[in-house]
Structure formats: C-alpha cells, structure tokens
Amino acid sequence: MPRKKVFEGSVDYLQILDENGGVDKSLEPRLTNEELDRIYRLMVTVRQYDRKCMSVQRQGRLFTYLPVEGQEATQVGTAYVLGKQDLAFTMYRSHGVFLARGVPLKYMFLMSMGTFQGGQRPEDIEDVHLEFTIGSQLSQCVGAAWAAKILKKDGVAVAYIGDGGTSEGEFHESLNLAGVSKAPAIFICENNLYAISVPRKIQTASQTIAQKALAYGIAGIQVDGNDLLAVYAAMKEAVERARKGEGATLIECLTYRFGPHSTSDDPSKYRTKQEEEEWRKKDPVPRLQKYMQSRGVWNEEYEQQVLAEAKGEVDKAFEEAEASVHAEPEDIFKNVFAEMPETLKEQMEYLKKVEEEKKNLRQA
Ligand SMILES: Cc1ncc(C[n+]2csc(CCOP(=O)(O)OP(=O)(O)O)c2C)c(N)n1
C-alpha cells in the first residue's frame, strides 16, 4: 500500500504599501484620486467617531463601546469594494464598515447608545443589524451568499470576524458550507492579535488563520491589514472571484486595536507599552497619507480641511442622536412581532404597572 502526499498547500501574504510609505509598483491597485479621497475621508471620519464615542462614554452619555481605532484600513478597505447589490454581515466593532456602507453617523451613535432607534436605520440600507453573538454573522453570510447563487443574483455576502471568533464552531461550519456550495461569500478575519485578553498565539496552533481556508477548499490570503492598498487589492480579487462563480475567500487582515477591547477593559493587564508603540508606527492613517502625498493628493492644508469636516459631521450627528433618544420601558416589547402576542401584552402591562408603582413610591 502506498504512502504518498495527498495534499500540499501554501498561503500568500500581501503587503503593497510598507510602513514607511514605500509602494510595490508591480502590485499597486488602480485607485483614482477621487477614490483615494473618499477612502481617506471614511478612515478619518470613523476615527473621529471612535474618539467621540470613547469620550462621551466616559461622560456617561453612551453605554459600553468597543473601539476600532487602528483597524480602519481593514474595515474601510474591504467595505469600500462592495456595491449596493452586496450584503455585509457585521459585528460590534465594525464601525468602519457601517460608515463605508452608508449608515448615517447619527444611526451609528444611536446604535452605540444602545437605543432601539439605532436598529431602525434608513430603509435603503439592506445589511442586517450587527451581531454581538460571535460567529452568527458567518452563518447568516454563507446562507445569504448561497441564496444569491441559487437565485442567480449578482450579489456577494461578506462577514467580519475577529481572531478569537475563528475558534467558534460557526466559523468552521460556515467555511465548510461555503466551500461545498461554492457560494459567493467572503470572510474577513480582523486579526487584531487579541480576543479581549487572550493572545492570538494561544487561540489556535495554526501558523496563520488564512490557512484554515485550505481545509475547506476555499481561497485564503493573509494581508497587512494596516495597508489600505493590500486590503483593497485582496478584497477586489475576492469579490471578482465570488462574482465569477469561483467561490468563497477567507482574508486574514493582520492589524491591531490601539484602544481597549471595550470601555470596560484595561489592556495594560495583558499588553506591553512597547508592543503598543510598535504597532502605532504601523498606523494605517499616516501610512495612507504618505502614499497620497506621493501622488500629490495629500498635504497639510488638505489634512486640516478633512479633519475639520469629519469633526464637524461627527459632532453634529452626536447632537442629533442625543436629542432624538427617547426610550420607554415598554419599548423592549415593541418591534419584535408584527402583532404583539397576548402573553407579551400581559407582560408589558405588568411592567407598566410596576413602573407606575415605583414612580408613586418615589413621589411618596
Ligand atoms: C458566542 C459568544 N461568546 C462569547 C462572547 C463574549 N465576547 C465578546 S467579545 C469577545 C472577544 C472576541 O474576540 P475576537 O473574536 O478576537 O474579536 P475582537 O473583539 O478582538 O474584535 C468575547 C469572547 C460573545 N459575544 N459571543
């Protein structure tokens, strides 16, 4: 009986724009000045949004927040490639994806404030609401992608997951189903090196996350997630593959969250200052600035203008969101069923009675 090699595989790593702004001309994607301007504004705006959320959360004007600073290139660079016919399945940290997909800043704030109005985004946005249950967005994504294939629709479905999320069963089930169904699905793994305090190296014994694609018969690539050009190029390739009916892709984006996991986390307990400083040097925003400067589309004056506009939009949206927040205890019963079942009505009436009694007690 023979013993022979039955499988051999390898995974590419892609970096186009290095940390010093140097570009590999042979790999440089074609992006017009207008496209670069749009992408840059999205990255700057989401960073301003992020900083605003962190600051107002500390003032008690917003609940728990999960910051994205550091991961802007990964999120904007992938979501920017998508069109109206596509669907994005997001998670709690996907602020850059929301913005790039056209969710108004006001609704982003309303979501982060934990209000139900945040879930009532404008109707022309078809992406479903973000997932907090890690992994569920992947099953939804592969289902939507498979449906698009069966119905012969043009759209692709994209899901976002963290490095920790790749240990969930749904990650493996979804990649497996995407492989056998040849569904037009794209899985973006934002490998920011930590799942709260759990480092990537004890999350999986695999050398890369991208190589997990090979086991499921789909394409996989690892990219420098802080390099907008590499992220964009890998995503474009994956979207083209999916649209041509050639199946799914897993893109592992190596990145870093500069802030804490959430507003209730203290990263100094599990990360060193030195590590954080090393990653700051790889910041995706100044890196893109250098590239744009070399193309003559970025200078200090432009920077000040973009920053002022982004800050203005963010501040205005926050004011509007804060002014429109209005929540009553019975809101938790609404917007679930088209017609509220009797049992729920009874519970709602009971809650109203309890609230009324509490009010009377406070006044007494
Ligand atoms: C199914 C499930 N298990 C646990 C949690 C609690 N939880 C919230 S965030 C998180 C860490 C996830 O890390 P990772 O997937 O790397 O994504 P990141 O937060 O770093 O973006 C955990 C365990 C959850 N939300 N859902």
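On a 1 Å grid over the protein atoms alone, a pocket is an open set of points with protein on both sides within 12 Å along at least five of seven lines, whereas a cavity is a set of points where a 1.4 Å probe fits but cannot get out; lining residues have an atom within 4 Å of a point. Grid points are joined across faces, edges and corners, and a volume is the space filled by probe spheres set on the points. The model is predicted, with local features requiring pLDDT of at least 70 and side-chain atom pairs pLDDT 80 or more, while totals for chains, interfaces and linings use all residues. Residues are numbered from 1 along each chain as its sequence is written, and side-chain values use heavy atoms, with hydrogens and water left out.

The second largest pocket holds about 270 Å³ of space and is the one taken by the ligand (more than half of the ligand atoms lie within 2 Å of its grid points). Its lining comprises 21 residues, with Met91, Tyr92, Ile134, Gly162 and His261 nearest the centre. Strand 3 (157-162) and strand 5 (194-195) each contribute at least two of the lining residues (strands are DSSP runs of E, at least two residues, and helices runs of H or I, at least four, numbered from the N terminus). By class, this lining has eight nonpolar, eight polar and five charged residues (Ala, Val, Leu, Ile, Met, Phe, Trp, Tyr, Cys and Pro count as nonpolar, Asp, Glu, Lys and Arg as charged, and the others, Gly among them, as polar).

The ligand is surrounded by 16 residues, the closest being Tyr92, Arg93, Phe132, Gly164 and Gly165 (a heavy atom within 4 Å). This shell divides into seven nonpolar, six polar and three charged residues. Polar contacts (pairs of N or O atoms within 3.5 Å) link ligand oxygen atoms to a side-chain N or O atom of Arg93 at 2.7 Å, to a polar backbone atom of Gly165 at 2.8 Å and to a backbone N or O atom of Tyr194 at 3.0 Å. Taken alone, the ligand exposes 580 Å², of which the protein buries 74% (Shrake-Rupley method, 1.4 Å probe).

The largest pocket encloses about 320 Å³. Among its 20 lining residues, Met111, Ser112, Gly114, Leu130 and Phe132 are closest to the centre. Helix 3 (95-100) and helix 4 (105-112) each give two or more residues to this lining, and helix 4 gives the most, with four. The lining divides into 12 nonpolar, eight polar and no charged residues.

One cavity of 30 Å³ or more is found in the whole structure. The lining of the largest cavity includes Arg101, Arg121 and Asp127.

Definitions and conventions:
Polar contact = N/O pair within 3.5 Å; in protein donor to acceptor, adjacent residues only side chain to side chain.
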